[in-house]
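The following exercises are to be worked with the sequence and the coordinates at hand. Each task is followed by a stepwise solution.

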Amino acid sequence: MISRTFVLLAAAIGSATAFTAQPVARAPSTTRLSMIPDADFDNKLKTDSQLKDADRITVLECDDQECAQISCVQDNRGNWDCEGGLEGEDRETTKTVLMASQDDDE
């Protein structure tokens with residue numbers, strides 16, 4: 001009777017872990033500029049003199065139906081890390097820089 005209880009308990013624990021969300025390891029990207037890749041905008045961030053000197057920028061990304069805000073921070077090596085933006089692939093989007101700012105304590 002006790003062994004049957006352990007078998008049932010083990011089966012219950014095994015099925016519970018099967019439905020538990022497992023953490024997913026993700027390699028950090030050095031430059032993720034938005035959810036939808038845009039090589040022209042990536043190049044603009046690296047070459048535009050006003051944006052090269054900025055520490056933070058706010059960008060409005062739009063397609064033909066919706067818009068989303070992207071917030072980006074530049075690290076000491078010149079890599080941009082951005083959050084937000086439209087999701088999906090192969091969508092024609094436009095990106096407009098709304099604001100660029102630079103820290104005053106340099």
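**Exercise 1: The sheet**

Four strands make up an open, antiparallel sheet in the order 3-2-1-4; strands here are DSSP E runs of at least two residues and helices are H or I runs of at least four, numbered from the N terminus, and two strands pair if DSSP finds at least two bridges between them. The model is predicted: local features require a pLDDT of at least 70 and side-chain atom pairs a pLDDT of 80 or more, whereas totals for chains, interfaces and linings use all residues. Residues are numbered from 1 along each chain as its sequence is written, and side-chain values use heavy atoms, with hydrogens and water left out.

Task: Determine which strands stand at the edges of the sheet.

Solution. Step 1: Strand 3 (80-84) and strand 4 (94-101) each have a single partner strand, so one side of each lacks a neighbour in the sheet. Step 2: From one strand to the next, the twist averages 25° (axes are lines fitted to C-alpha atoms, and angles run from 0 to 180 degrees between N-to-C directions). Step 3: Five antiparallel bridges link strand 2 and strand 3, and Gln 74 lies opposite Trp 80 of strand 3.

**Exercise 2: Asp 63**

Task: Establish where Asp 63 is placed and whether Asp 63 is buried or exposed.

Solution. Step 1: Asp 63 belongs to the loop between strand 1 (56-62) and strand 2 (67-74). Step 2: Asp 63 counts as buried because its relative accessibility is 15% (buried is under 20% relative accessible area, exposed over 50%, partly exposed in between; 1.4 Å probe, protein chains only). Step 3: The Asp 63 side chain lies 2.7 Å from the backbone nitrogen of Glu 66. Step 4: With the side chain of Arg 91, the side chain of Asp 63 makes a polar contact of 2.2 Å (N or O atoms within 3.5 Å, one able to donate a hydrogen and the other to accept it; residues adjacent in sequence count only if both atoms are side-chain atoms).

**Exercise 3: Confidence**

Task: Identify which elements have the lowest and the highest mean pLDDT.

Solution. Step 1: The chain averages a pLDDT of 75, and 63% of the residues score at least 70 (pLDDT is the predictor's confidence in each residue, from 0 to 100). Step 2: Helix 1 (residues 2-18) has the lowest mean, 55, and strand 1 the highest, 94. Step 3: Where pLDDT is low, predicted coordinates should not be read in detail.
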